[in-house]
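Trainee: I should like to study this protein by asking about one feature at a time. Please reason through each answer with me.

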Amino acid sequence: MKFSEVEEKTKGLRWLSAAQGKILYDLVYENDIENVLELGFFHGVSAMYMAAALQEKGKAGMITTLDKTNAKELKPNIDDLSAELGLSSFIKPLYAHDCYTWELLRLLDLNPRPSFDLVFIDGAHLWKTDGFAFFLCDKLLAENGYLIMDDIGWSMAKNADPKSKEWTKKYSDEEQSTNQLQKVFDLLVKEHPSYGDFRVEDGWAFARKTGAGTPNTIKESVKVKTVLVTREMLKMTLNNQ
Ligand SMILES: C[S@@+](CC[C@H](N)C(=O)[O-])C[C@H]1O[C@@H](n2cnc3c(N)ncnc32)[C@H](O)[C@@H]1O
């Protein structure tokens, strides 16, 4: 499906602008991306742009996308929208009772474990949720995979919506005024040894999983230690005989 058709059919639906839809569509269309993991779908607009690009390039692939159960109540919901656009076979919505970090646990627990070429984080926008979610997603992101985070300039304090103001009251002034996703990007993504190609544009943060990084290094050092300890124990046993 062409970009302009998705634009036409999703007109007026929150939250993604057509310009942002174009970024996702082109990224999926122009690169070796087949499997996408998205955190936060709402009506499913961003998922439609990515699914349409998959369909247009004639590749198999799937947008696995996570939100809360109450996203089913939206009109249209993601199933209505994907049926209307004829993209249902490219979209797998997963529903979290409380938070997508639990659904990420379930994905990590699958055997074989799924692997994604692109992770798009556009959900809670909170340090406590998306900081943790980043590390979980990292385990599911393939080497050379792409990471995008939406709204990194967002803070609770900047949000003028009175309904949102209500739920933000429980947070401290500092928590409310901090761009929490920016902190996730600066302190967790950019400092992670597996990531590079950092870029921030129009409130979106981009990174690429360019290297193997710490997890393997840790595994290797544990392996070396285990071999050394086993050898020491063997020596002691032989000396005692
Ligand atoms: C900005 S909207 C997503 C918009 C969508 N990506 C698009 O561009 O069309 C954010 C979504 O994240 C979901 N969300 C926020 N926190 C969440 C959490 N902890 N677990 C699951 N979903 C969450 C909300 O329900 C909401 O639908």
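Trainee: Which element supplies the largest share of the shell around the ligand?

Mentor: This is a predicted model, in which local features need pLDDT of at least 70 and side-chain atom pairs count only at pLDDT 80 or more, while totals for chains, interfaces and linings use all residues. Residues are numbered from 1 along each chain as its sequence is written. Helices (H or I, at least four residues) and strands (E, at least two) are DSSP runs numbered from the N terminus. At least two shell residues come from each of α3 (45-56) and β2 (62-68), and the largest share, three residues, belongs to β2.

Trainee: Which residues come nearest to the ligand?

Mentor: A residue counts as near if its C-beta atom, placed from the backbone, lies within 6 Å of the molecule. There are 18 residues around the ligand, and those that come nearest are Leu16, Gly40, Val45, Ser46 and Ala124.

Trainee: How many residues of that shell are nonpolar?

Mentor: Ala, Val, Leu, Ile, Met, Phe, Trp, Tyr, Cys and Pro count as nonpolar, Asp, Glu, Lys and Arg as charged, and the others, Gly among them, as polar. The shell has three charged and four polar residues, and its nonpolar residues number 11.

Trainee: How many of the residues of α3 are buried?

Mentor: A residue is buried if 20 or more other C-beta atoms, placed from the backbone, lie within 10 Å of its own, exposed if 12 or fewer, and partly exposed in between. The buried residues of α3 include Val45 and Ser46. α3 is mostly covered, and of its 12 residues the buried ones number 10.

Trainee: Which element gives the largest share of the largest nonpolar core?

Mentor: A nonpolar core is a set of buried Ala, Val, Leu, Ile, Met, Phe, Trp, Tyr and Cys residues joined through C-beta atoms within 7 Å. The largest one has 51 residues, and Met48, Met50 and Ala51 have the most contacts inside it. Its largest share, nine residues, comes from α3.

Trainee: Which residues does Met48 touch beyond its neighbours up to four places away in sequence?

Mentor: Two residues are in contact if their C-beta atoms, placed from the backbone, lie within 7 Å. With those neighbours left out, Met48 touches Val6, Thr10, Leu81, Ser82, Leu85 and Leu87.

Trainee: Why do the buried residues of α4 line one face of the helix?

Mentor: In α4 (residues 78-85), the buried residues are Ile78, Leu81, Ser82 and Leu85. The reason is angular: seen down the axis, with the arc taken from the directions from the helix axis to the C-beta atoms, they line one face because they fall within an arc of 95 degrees. An α-helix has 3.6 residues a turn, so residues three or four places apart point the same way. The buried residues of α4 pack against α1 (3-9), α3 and β3 (91-96), and the arc on which they lie is 95 degrees.

Trainee: What span is expected for α6?

Mentor: The expected span of a helix is 1.5 Å times one less than its number of residues. Helix α6 (residues 127-138) has 12 residues and reaches 16 Å from its first C-alpha to its last, close to the expected 16 Å.

Trainee: Is Tyr171 buried or partly exposed?

Mentor: Tyr171 is found in the loop between α7 (162-168) and α8 (173-177). Leaving aside neighbours within four places in sequence, Tyr171 is in contact with Met156 and Gln176. Because 15 other C-beta atoms lie within 10 Å, Tyr171 is partly exposed.
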